[in-house]
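Work through the exercises below with the structure open beside you, and try each task before reading its solution.

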Amino acid sequence: MHDHCTRALLIAGFLFLHAAAHAEPIPVELRKSDSGWQLYRGGEPYFIRGAGGDGSLEALAAAGGNSVRTWGGDPGEVLDRAHALGMTVTAGIWLGHERHGFDYSDPQQVKNQLDEVREIVLRYKDHPALLLWGVGNEAEGFDDETSPRVWAAINDAAALVKELDPNHPTMVVTAFIHGQRIDYIHRKSPAVDIHGINAYGGAVVVPERLRAGKARKPIVLTEFGPVGPWEMPTTDWGAPYEQTSTEKAKFYRQVYEQALQEVPDLFLGGYAFLWGHKMEGTATWFGMFLQDGSRTAAIDVMSELWSGKKPENLAPFNQPLVAEGPTSLAPGSIVSVRATVKDPEGGALRARWALRPESGDYGTGGDLRPTMPDIEDAIIESGVGHARVRLPEKPGAYRLFQYAFDDAGNAATANIPLRVLDAASANKVGKRTGKNAALLPISVYEDGVKGMPWAPSGWMGNSRRLKMNARYKKNTHEGSAAIRLRYSGKSEWAGIAWQHPPNDWGKKPGGYDLNGASALELWARGEHGGERVSFGVGLLGQEHAYPDSGTAKIEGITLTQDWQRFRVPLTHIDLSNIKTGFVVTIPGQGAPVTIYLDSIRYIR
């Protein structure tokens, strides 16, 4: 947007400040009919065509958006700017997260939080741009022992909001809809009017999950966007592949059309994520804008869906980058990469390439991550369709980015993970024919599950009664964290298989060559002593298209309260392709069972 237009809009916004402070609220209400739920604002039907982020509200309005979402803090400035543009705001009220240290068993902390809720609501409840109150964002608990306290506090906060402001509905936002979320919000939280759901790769199945869970309340898709890092396939070293900007745009459309448009009886609208730029997973994963303000194809798609019209000039479209050869190489190796990117209008494009260290942080939660720096002098040669890159001498994970720009302020992004092997690994891979030859010892678990060769994705048996905390901090065997597993079923059994690739039961290639390993070694203890468990390696038999090359297990184990070392012997089985790196099963024992695992690794 030109500078003089921006200044004019900002001046107009400031002129509304005094008037907005004394304006009458515009009532917002929910109505339910035979055809489903509908939001009304000022007596007129209102469907949320919104986005969340700190990007330009003027650009959002120009794209056909009518609402913006905040997560917390003082919403005053956003409310005033939105009002000047004829837009609305879902004002987020931040509620503490246990993972950040908030203690919902501390009455004083909970009271102080309610006092903050009261202050925000009383200050802005009559603002004419206010649409909904977003009471918390993913504040729900993940531990059965603390969840009831957290949910009670959330409902109490929503009840206080309703008491202070009868003109605007309350909405509680959760991370997807697994676990007890539907039950708590739709049946056990009477002060909550609307269920806000943050969903990415799983957004297309949200309607199905809601109906299966007998959801009773209306829904706002409070965050939707590309498939998240935690949901994508990964490299052999655990780095997730990222969709290109073109693939992301297609997914925005798919979610909007399959959820928001096709299921109007449930959905009141949604907020695309992220209207702006953010470092999370990578520098390009979620932002609909680049850091320099360039627009990606996601904005084109959402503009068309919101306004019914395609932008006059579209972002470049592209395909995934392709490496000409292996992506795990020796230090200092040169990699050649091909790119396919075109301008829809046939215009000229320019490209920028950058090699950066991999962040290694792909979790959920949206916490602020540090920006990864460009590695100087890594790009030897580059153009719109190719690049030659010299890898660093330092072993580790890296990622090569391509940014392609047109002359209208649009851009396309793509990247590819790369790995620099240490000298021993490089030599080993060069000499062996195994597809994913592993350098021993190799860990299955070491202070966390992120970035490990196998993922704990294969939940088995009565898995809805099984809970895992992979970052348990108390009484570890070594390092900063251990695994805590709690099986609350009194009978039957449950277990978890560590898989490569994740979520695969023998339909995809994968696995690691572990020849040379003598045993899988791990340390384990029980909560009280007497807990029975079994440990194993391999699970997929020859009936599968891609089986484990061998299986082994130790059964009938009884744990004590103290850490003990266990070994699964492997010298008698074929280790050339182990897809299931570790298996733990817990039988029902008449009462809940809690066990702890640590330092799981293959040894020579």
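**Exercise 1. Find which elements cover the buried residues of α9, and decide how far this helix is enclosed.**

Begin with the surroundings: in this predicted model, the cover over the buried residues of α9 includes β4 (48-52), α2 (57-62), β10 (219-224), α8 (245-261), β11 and β21 (411-420). Next, list the buried residues themselves, which are Ala297, Ala298, Ile299, Asp300, Val301, Met302, Ser303, Leu305 and Trp306. Since nine of the eleven residues of α9 are buried, the helix is largely enclosed by the rest of the structure. Finally, look just past the end of α9, where Gly308 takes a positive phi of about 85°.

**Exercise 2. Describe how α8 packs against α9, giving the angle, the handedness and the residues of the contact.**

First take the geometry: the axes of α8 and α9 come within 7 Å and cross at roughly 25°. Angles under 35 degrees count as roughly parallel, and therefore α8 is roughly parallel to α9. The crossing in which α8 passes α9 is right-handed. Now turn to the residues: α8 contributes Ser245, Ala249, Tyr252, Arg253, Tyr256 and Glu257, while α9 contributes Ala297, Ala298, Val301, Met302, Glu304, Leu305 and Trp306. Sorted by class, the residues of this contact are nine nonpolar, one polar and three charged.

**Exercise 3. Carry out the analysis for helix α4 (residues 107-124) and helix α5 (residues 147-164).**

The axes of these two helices come within 10 Å and cross at roughly 30°, which means that α4 is roughly parallel to α5. As for handedness, α4 passes α5 in a right-handed crossing. On the α4 side the contact is made by Val110, Leu114, Val117, Arg118, Val121 and Leu122, and on the α5 side by Ala153, Asp156, Ala157, Leu160, Val161 and Leu164. Counting by class gives ten nonpolar residues, no polar ones and two charged ones in the contact of α4 with α5.

**Exercise 4. Place Thr90 in its element, decide whether Thr90 is buried or exposed, and name its neighbours.**

Thr90 is found in strand β6, which spans residues 88-93. Its relative accessibility is 1%, and so Thr90 counts as buried. Leaving aside residues up to four places away in sequence, Thr90 touches Ser67, Val68, Arg69, Thr70, Leu131, Leu132, Gly134, Met171 and Tyr271. With one of these neighbours, Tyr271, the side chain of Thr90 makes a side-chain polar contact of 2.7 Å.

**Exercise 5. Examine the loop between β11 (267-273) and α9 (297-307), looking at Lys278 and at the peptide bond that joins Phe273 and Leu274.**

Start with the peptide bond: Phe273 and Leu274 are joined in the cis form, with omega of about 10°. Leu274 has its place in the loop between β11 and α9, and Lys278 lies in the loop between these elements as well. Is Lys278 buried or exposed? A residue counts as buried under 20% relative accessible area, and because Lys278 has 18% relative accessibility, Lys278 counts as buried. Its side chain is joined to that of Glu280 by a polar contact of 2.9 Å.

**Exercise 6. Compare the settings of Asn475 and Asn503, each of which has a positive phi without being a glycine.**

Asn475 has a phi of about 50° and lies in the loop between β24 (466-472) and β25 (482-487). With a relative accessible area of 47%, Asn475 is partly exposed. Asn503 has a phi near 60° and is found in the loop between β26 and β27; at a relative accessible area of 57%, Asn503 is exposed. To complete the picture of that loop, add Pro501, which is found between β26 (493-499) and β27 (519-526). The peptide bond that leads from His500 to Pro501 is cis, with omega near 0°.

**Exercise 7. Locate Leu421 and state how far its C-alpha atom is from that of Ile586.**

Leu421 lies in the loop between β21 and α10 (423-431), and at 8% relative accessibility Leu421 counts as buried. Leu421 and Ile586 are 165 residues apart along the chain, and their C-alpha atoms are separated by 37 Å.

Key
Residues numbered from 1 in each chain as written. Predicted model: local features only at pLDDT ≥ 70, side-chain atom pairs only at ≥ 80, totals over all residues. Heavy atoms only, no water. Helix = DSSP H or I, 4+ residues; strand = E, 2+ residues; numbered from the N terminus. Buried < 20%, exposed > 50% of the residue type's maximum accessible area, 1.4 Å probe, protein only. Polar contact = N/O pair within 3.5 Å; in protein donor to acceptor, adjacent residues only side chain to side chain. Axes fitted to C-alpha atoms, helices over the stretch in contact; angles between N-to-C directions. Parallel < 35°, antiparallel > 145°, perpendicular 65-115°, else oblique. Left-handed = near helix turned anticlockwise from the far one by under 90°. Contact = heavy atoms within 4.5 Å. Nonpolar A, V, L, I, M, F, W, Y, C, P; charged D, E, K, R; others polar.
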